[in-house]
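Me: I am new to this structure and should like to understand the terms used to describe it. May I put some questions about how each description is justified?

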Amino acid sequence: MGRLTTHILDASKGQPGSDIKIELYRVEEGEKTTLINTVYTNSDGRTDAPVLEGADYVPGKYQLVFHTGTYLRKQGVELLEPAFLDDVVIRFGLAAGQEHYHVPLLISPYSYSTYRGS
């Protein structure tokens, strides 16, 4: 059965990004988004369960919204208002219905990177 997982690393502190809210949306035709799931990262920067799995795991376009600004503020980082990267949005496609997709996020107050992990 296919599943989607993620994790967050805070490059500015050299540690996992814990207690970060992540929302998963399905992107429908016409760019309409539908909220599928809301999760939080644990102390290891991972979610306790896959963000998407089972019957909801279908090919299509999706969007993860990582609420990194809230996390950085809790860490004592002084961000300008509005913050340069308050919410990080990653839009991607799931082309195969039976594979594991992993979308990690490496963050700092002024940059991020991602890739399709394993």
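Me: What makes the arrangement 6-1-9 an open sheet, and which strands are its edges?

Reply: In this predicted model, 3 strands follow one another in the order 6-1-9, with mixed pairing, and they form an open sheet. Strand 6 (52–53) and strand 9 (100–102) are the edge strands, since each pairs on one side only.

Me: How do you know that strand 1 and strand 6 are paired?

Reply: Two strands count as paired if there are at least two bridges between them. Strand 1 (residues 3–5) and strand 6 are joined by 2 bridges and run antiparallel, so the pair meets the definition. Within this pair, Arg-3 stands opposite Glu-53 of strand 6.

Me: What is the order of the open sheet of 4 strands, and why is one side of strand 5 and of strand 8 left without a neighbour?

Reply: The order is 5-4-7-8, and the pairing is antiparallel. Strand 5 and strand 8 are at the edges; each has a single partner strand, and therefore one side of each has no neighbour in the sheet. From one strand to the next, the twist averages 20°.

Me: How do you know that strand 4 pairs with strand 5 and with strand 7?

Reply: The cut-off is at least two bridges. Strand 4 has 7 bridges to strand 5 (residues 33–40), and these two strands run antiparallel. Strand 4 also has 6 bridges to strand 7 (residues 60–66), again in the antiparallel sense. Both pairs therefore satisfy the definition.

Me: Which residues stand opposite one another in these pairs?

Reply: On the side of strand 5, Lys-21 is opposite Tyr-40, Tyr-25 has Leu-35 as its bridge partner, and Val-27 has Thr-33. On the side of strand 7, Ile-22 stands opposite Phe-66. The hairpin of strand 4 and strand 5 has 5 residues between the strands, and Gly-30 takes a positive phi near 85° there.

Me: Why is strand 4 described as largely enclosed?

Reply: A residue is called buried when its relative accessible area is under 20%. In strand 4 (residues 21–27), 6 of the 7 residues are buried, so the rest of the structure largely encloses this strand.

Me: What makes a set of residues a nonpolar core, and which members of the largest one touch the most others?

Reply: The members must be buried residues of the nonpolar kinds, joined through side-chain atoms within 4.5 Å. The largest such core has 25 residues, and those touching the most other members are Leu-4, Leu-24, Leu-64, Phe-66 and Phe-92. At least two residues each come from strand 4, strand 7, helix 1 (68–74), strand 8 (88–94) and strand 10 (105–108). Strand 8 contributes the most, with 4 residues. Beyond four places in sequence, the residues that Phe-92 touches include Leu-4, Leu-24, Leu-64 and Val-103.

Me: Why is Val-77 called partly exposed?

Reply: The partly exposed class lies between the buried limit of 20% and the exposed limit of 50%. Val-77 has 21% relative accessibility, so this residue counts as partly exposed. Val-77 lies in the loop between helix 1 and strand 8. Apart from neighbours within four places in sequence, Val-77 is in contact with Leu-72 and Pro-109.

Me: Why is His-7 called buried?

Reply: The limit for this class is under 20%. His-7 has 10% relative accessibility and therefore counts as buried. His-7 is placed in the loop between strand 1 and strand 2 (8–10).

Me: What makes the link between the side chains of His-7 and His-102 a polar contact?

Reply: The definition asks for a pair of N or O atoms within 3.5 Å, one able to donate a hydrogen and the other to accept it. The two side chains are joined at 2.8 Å, so the distance falls within the cut-off.

Me: Which residues does the "binding site" annotation cover, and what are they in contact with?

Reply: The unreviewed UniProt entry gives this annotation to His-7, Arg-46 and Tyr-115. Leaving aside neighbours within four places in sequence, the contacts of His-7 include Arg-46, His-102, Val-103 and Pro-104. On the same basis, Tyr-115 is in contact with His-102, Val-103 and Pro-104. Tyr-115 is found in the segment after strand 11 (111–114).

Methods. Residues numbered from 1 in each chain as written. Predicted model: local features only at pLDDT ≥ 70, side-chain atom pairs only at ≥ 80, totals over all residues. Heavy atoms only, no water. Buried < 20%, exposed > 50% of the residue type's maximum accessible area, 1.4 Å probe, protein only. Contact = heavy atoms within 4.5 Å. Axes fitted to C-alpha atoms, helices over the stretch in contact; angles between N-to-C directions. UniProt positions renumbered as here; feature names shortened; annotations may be inferred.
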